[in-house]
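Visitor: Please give me a close account of a single part of this structure. I should like the terms stated with their cut-offs.

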Amino acid sequence: MGTKNQDPIVHLASGAVSGLASCVLLQPFDLVKTRIQQQRQHHKNDGRKSLNSTVLRTVKDIIEKDNISGLWKGTVPTILRNVPGSALYFFTLSEIRHIFSLRHQRNISQNSTKSSLPVLSNRDNLISGMVARGSIGFITMPITIIKVRYESNLYNYKSIWGAFTSILRHEGIKGLFYGYGATVIRDAPYAGLYLLFYERWKLLMSANSFTIASPIIHMTSAIIAGLSATTITHPFDMLKTRVQLKPQNYPNIWIGALKIFKEEGFLRFFDGLSLRLGRKTTQAAINWTIYEALVTWFQQRRKEIR
């Protein structure tokens, strides 16, 4: 059944709030992941030495150098990217899904999924997630580059503006889009697969668990979907980091993939997976639980006012 789409401000505001909450809480995961992948690259010829770059050791090094607040280095560019990016993503996604819901009549009601969002086929969810993430990823790519460089200790940037001007001066406009290929190949399939798994698990749990509260269903579905989609797409995350940190050594994802496979082996593509699993699944649980709760709240408030 086609549904009337919500006021755009509902999805923009809900997406922004969920994005702000997740990026502040989870910034340490991003920072440590970037440092570990960077250390692997720097010590790739040191054999077992590179294997000792553990999470605890990396966290200890950061705290010793910059105190506990050092774990939140890069939070400002993360907020600048994630809050507008999350708002735009959820808005774009809602518009795309609304179009699909009008084109393809569905026999499953929204109430049966304990959700305020339209019910779509697996294919429509996959396409919706990929298109929305790919387009928003391009818009937010410059701040993503600045974020990765600012978090890394390979660059001695003193400020976000300093990072921005330095990239423009030495690499030009194209420097702000290094790694977009790897990013979109990682993020678009991730978003599509995530939405497919999320909606499918939400539907299954709603059909068999009538007494479970909606937030529990949303959070559980988000965690399962996050684990699945993150594992499948992680090699592209590792490639993206290499291309963005060392574009002179890894000019594009294909050369980078061959170089890493030849010099470091297949397992290197999964560097930082445990951290990314922890971050992405937690982020998904926070983002989608808050987003769906806020959309439902806005809906209810609108009905009360009317």
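Guide: Leu-25 is a useful point of entry: at 55% relative accessibility this residue counts as exposed, where exposed means over 50% relative accessible area, buried under 20%, and partly exposed in between, with a 1.4 Å probe and protein chains only. The model is a predicted one, in which local features need pLDDT of at least 70 and side-chain atom pairs count only at pLDDT 80 or more, while totals for chains, interfaces and linings use all residues. Residues are numbered from 1 along each chain as its sequence is written, and side-chain values use heavy atoms, with hydrogens and water left out.

Leu-25 belongs to helix 1; helices here are DSSP runs of H or I with at least four residues, strands are runs of E with at least two, and both are numbered from the N terminus. The protein has eleven helices and zero strands, and 52% of its 306 residues count as buried. In sequence, Leu-25 is 258 residues from Gln-283, yet their C-alpha atoms are 8.8 Å apart in space.

Gln-283 leads to the part I propose to examine, as this residue is among those nearest the centre of the largest cavity, together with Arg-81, Asn-82, Arg-133 and Lys-280. A cavity is a set of points, on a 1 Å grid over the protein atoms alone, where a 1.4 Å probe fits but cannot get out, and lining residues have an atom within 4 Å of a point. Grid points are joined across faces, edges and corners, and the volume is the space filled by probe spheres set on the points. The whole structure contains two cavities of 30 Å³ or more, and the largest has a volume of about 680 Å³.

Its lining comprises 36 residues. Two or more of them come from each of helix 1 (8-42), helix 4 (75-103), helix 5 (122-139), helix 6 (141-151), helix 8 (180-208), helix 9 (214-245) and helix 11 (273-305). Helix 11 gives the largest share, seven residues. By character, the lining divides into ten nonpolar, 13 polar and 13 charged residues; Ala, Val, Leu, Ile, Met, Phe, Trp, Tyr, Cys and Pro count as nonpolar, Asp, Glu, Lys and Arg as charged, and the others, Gly among them, as polar. At least three lining residues come from each of domain 1 (78-105 + 120-178) and domain 2 (182-271), with bounds taken from an automatic or database domain assignment.

The aromatic residues complete the picture. A search of the whole structure finds 14 aromatic pairs, counted when ring centres of Phe, Tyr or Trp (its six-membered ring) lie within 6.5 Å, with planes under 30 degrees apart called stacked, over 60 edge-to-face and the rest tilted. Ring pairs join Tyr-89, Phe-90, Tyr-190, Tyr-194, Tyr-198, Trp-288 and Tyr-291 into a cluster. Arg-276 lies over the face of Tyr-190, 5.8 Å from the ring centre; a charge sits over a ring if NZ of Lys or CZ of Arg is within 6 Å of the ring centre and within 35 degrees of the ring normal. Elsewhere, the charged end of Lys-259 sits over the ring of Tyr-250, at 6.0 Å from its centre.

In helix 7 (residues 160-171), Trp-161 and Phe-164 are three residues apart, about one turn of the helix. Trp-161 is exposed, at 61% relative accessible area, whereas Phe-164 is partly exposed, at 25%. Phe-266 and Phe-270 form an edge-to-face pair, 5.6 Å centre to centre with 65° between the planes.

Methods:
On a 1 Å grid over the protein atoms alone, a cavity is a set of points where a 1.4 Å probe fits but cannot get out, and a pocket is an open set with protein on both sides within 12 Å along at least five of seven lines; lining residues have an atom within 4 Å of a point.
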